[in-house]
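Visitor: Please take one part of this model and look at it closely, with the backbone, the surface and the contacts in view, and then say how it fits into the rest of the chain.

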Amino acid sequence: MQPLEKTHNLRHTYADGMQVHLAGCDLAIWPKDRVAVVGANGAGKSTLFLLLGMLRPSDGAVQVLGHDPAADFPKIRQSIGVVLQNVEYQILAPTVW
């Protein structure tokens, strides 16, 4: 059995130069696990979730369902979702339809 999600030694550099280092916070989530990701503002929680397919790590590795989400996102996008903290960021159209 493989983990649903696995990270190792992640680092991401945003366009404005801000760097988020998640080294030492390796993570493996197995089927039926319940996981809470908690930490102070700026600790990298949102970056961690965005690295599951919306961002590409500058260093380290991410696997979701056995795939690299940066390379194989179409293979995993039907199985994962991210709800962002700010509701305004989730409104993509004026209606649901």
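**A loop and its surroundings**

Guide: Lysine 32 lies in the loop that runs between strand 3 (27-29) and helix 1 (45-50), where helices (H or I, at least four residues) and strands (E, at least two) are DSSP runs numbered from the N terminus. The model is a predicted one, in which local features need pLDDT of at least 70 and side-chain atom pairs count only at pLDDT 80 or more, while totals for chains, interfaces and linings use all residues. Residues are numbered from 1 along each chain as its sequence is written, and side-chain values use heavy atoms, with hydrogens and water left out.

The backbone at lysine 32 has a phi near 75°, which is a positive value in a residue other than glycine. Lysine 32 counts as exposed because its relative accessibility is 85%, the classes being buried under 20% relative accessible area, exposed over 50% and partly exposed in between (1.4 Å probe, protein chains only). Valine 35 belongs to the loop between strand 3 and helix 1 as well, but valine 35, at 44% relative accessibility, counts as partly exposed.

Helix 1, at the far end of this loop, contains threonine 47, which counts as buried because its relative accessibility is 6%. The side chain of threonine 47 is joined to that of tyrosine 14 by a polar contact of 2.6 Å; such a contact is a pair of N or O atoms within 3.5 Å of which, within protein, one must be able to donate a hydrogen and the other to accept it, and residues adjacent in sequence count only if both atoms are side-chain atoms. When neighbours within four places in sequence are left aside, threonine 47 is in contact (heavy atoms within 4.5 Å) with His12, Tyr14 and Val20. Two of these partners come together elsewhere in the picture, since histidine 12 of the hairpin stands opposite valine 20 in strand 2.

That pairing is part of the arrangement around strand 1 (residues 5-13), which pairs with strand 3 in the antiparallel sense over three bridges, strands being counted as paired if DSSP finds at least two bridges between them. Within this pairing, isoleucine 29 in strand 3 is the bridge partner of glutamate 5. Strand 1 also pairs with strand 4, again in the antiparallel sense but over five bridges, and here arginine 11 stands opposite aspartate 59 in strand 4. With strand 2 (residues 19-21), strand 1 forms three bridges, likewise antiparallel. In the hairpin of strand 1 and strand 2, five residues lie between the strands, and glycine 17 takes a positive phi near 95°.

At the start of the chain, glutamine 2 sits in the segment before strand 1 and is partly exposed, with a relative accessible area of 46%. Although glutamine 2 and alanine 28 are 26 residues apart along the chain, their C-alpha atoms are separated by 9.3 Å. Not counting residues up to four places away in sequence, glutamine 2 touches Trp30, Pro31, Leu65 and Gly66.

Leucine 65, one of those partners of glutamine 2, is found in the loop between strand 4 (59-64) and helix 2 (69-76). Like lysine 32, whose phi is positive, leucine 65 has a positive phi, of about 55°, although it is not a glycine; leucine 65 is partly exposed, with a relative accessible area of 29%. Histidine 67 has its place in this loop between strand 4 and helix 2 too, and histidine 67 counts as partly exposed at 24% relative accessibility. From C-alpha to C-alpha, histidine 67 and glutamate 5 are 9.1 Å apart in space, while 62 residues apart in sequence. Histidine 67 also touches Val62, Asp72, Lys75 and Ile76, residues up to four places away in sequence not being counted.

Seen as a whole, the chain has two helices and four strands, and their order along the sequence follows the pattern β-β-β-α-β-α. Residues 24 or more positions apart account for 51% of the contacts in the chain with a separation of 6 or more. Of the 97 residues in the chain, buried residues make up 22%, and threonine 47 in helix 1 counts as buried, whereas lysine 32 in the loop before it counts as exposed.
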